[in-house]
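Biologist: I would like to learn how to read the cysteines and the core of a protein model. Could you take me through them slowly?

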Amino acid sequence: MLRQLLDSVEPHFERGGRLERLYPLYELVDTFLYTPSDVTGNAAHVRDGLDLKRMMITVVLAMVPCIFMAMWNTGYQANLALAELGRTSADGWRGVVLTVLGVGVDPGSLVANVVHGALWFLPVFLVCNAVGGFWEALFSTIRRHEVNEGFLVTGMLFPLTLPPTIPLWQVAVGISFGVVIGKEIFGGTGKNFLNPALTARAFLYFAYPVEITGDRIWVAVDGYSRATPLGQVPADGIAPMEAGFTKMQAFLGVLPGSMGETSVLACLIGAAILIATGIGSWRIMASMTATTFLLAWLLHQVDSQTNHMFALDPVWHLLLGGFAFGCVYMATDPVSASFTNLGKWLYGALIGVMTVLIRVVNPAFPEGVMLAILFGNIFAPVFDYLVVQANIRRRALRTAVS
């Protein structure tokens, strides 16, 4: 019945129809619900079951573990803080909803943590997709091209990189900047050289630093202050951080941080899915991880009395902050990353080096991964160009010799 309904209204959206200019909106709904009907008509073409829709949905499925951790850990950190403060209910309307649902604020309850965390994560997610989807549809209508599935990934990545207490209007402003300035002005999906989700977060990072870097934003309880482990080191040193958190906690993701970035385990599950399906580049992941570890180990040998980040051993660098999330989901973005195999190794290595340099040498930016990946995005076309030119010269030389 749904298929018949879509087919019956399609003539109104086709060329010459009354709603011709709104065809991208019709195509968006049709493609989202069904497999695209358009196929290659020429004799020479490649048959492949992996179209853009399946590719993007696979990436979203690979993020499911991070989505679950975003809700569970956000609720867990909030319920833990409420228990520490001796309070039996959450703040604002969320407390009313939890009461109506009969869900307490027990940090030992899986359901209580997931439901409480969902009340923080879902509004951010919905605002991000509603506002970002509006800009996607607007530009597609003006340009008269299809609304593709690329925004599904951007609309999921961006909320996972944000703290739970981020104001919703800032979410709207950030995703607007990421979609319009980071992608649409360059022509849309496939033509942007920067990752739109990271572009959006970088804008918020510099435009509204208090709401994105402060120590009262990571735990969703009014007036409760707790820094992230990575943010604690530059000010207090390595000892207080290691006394408050273990490496196993960091691996599992049971610590304050951006909603979907804390769990290395969840990111590893996603990495396995992306690598197994051939969507995520294992070369970029391996290169970024190896260079981050090696450079962090070298700098760890420096006995600095003024910069506590030198004391952070390389394992901590891999476990803390958004390293795992950025390595698996952001750096491997097929549009903004390198395409050639050698270029992928160089691209991943550059990001790894920049991550450690930003974190250690300039501790004013203790995270580092976001800026490093954006820096790598800029140089990705350069790496591909150099690799392709080297191949051309090598083939030309081989032809001349033969």
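Modeller: Let us begin with C66, which is buried at a relative accessible area of 1%, where buried means under 20% relative accessible area, exposed over 50% and partly exposed in between (1.4 Å probe, protein chains only). This is a predicted model, in which local features need pLDDT of at least 70 and side-chain atom pairs count only at pLDDT 80 or more, while totals for chains, interfaces and linings use all residues. Residues are numbered from 1 along each chain as its sequence is written, and side-chain values use heavy atoms, with hydrogens and water left out.

Biologist: How many disulfides does the structure hold?

Modeller: A disulfide is a covalent bond between the sulfur atoms of two cysteines, and it is recognised here as a pair of cysteine sulfur atoms within 2.5 Å. The structure holds 0 disulfides.

Biologist: Why is the sulfur of C66 without a bond to the closest cysteine sulfur?

Modeller: The closest cysteine sulfur, in C267, is 3.9 Å from that of C66, which is too far for a bond. For C128, which is buried at 0% relative accessibility, the closest cysteine sulfur is that of C66, at 16 Å, again too far.

Biologist: Which residues does Y329 touch?

Modeller: Contact means heavy atoms within 4.5 Å, and, leaving aside residues up to four places away in sequence, Y329 touches residues including C66, C267, M63 and L274.
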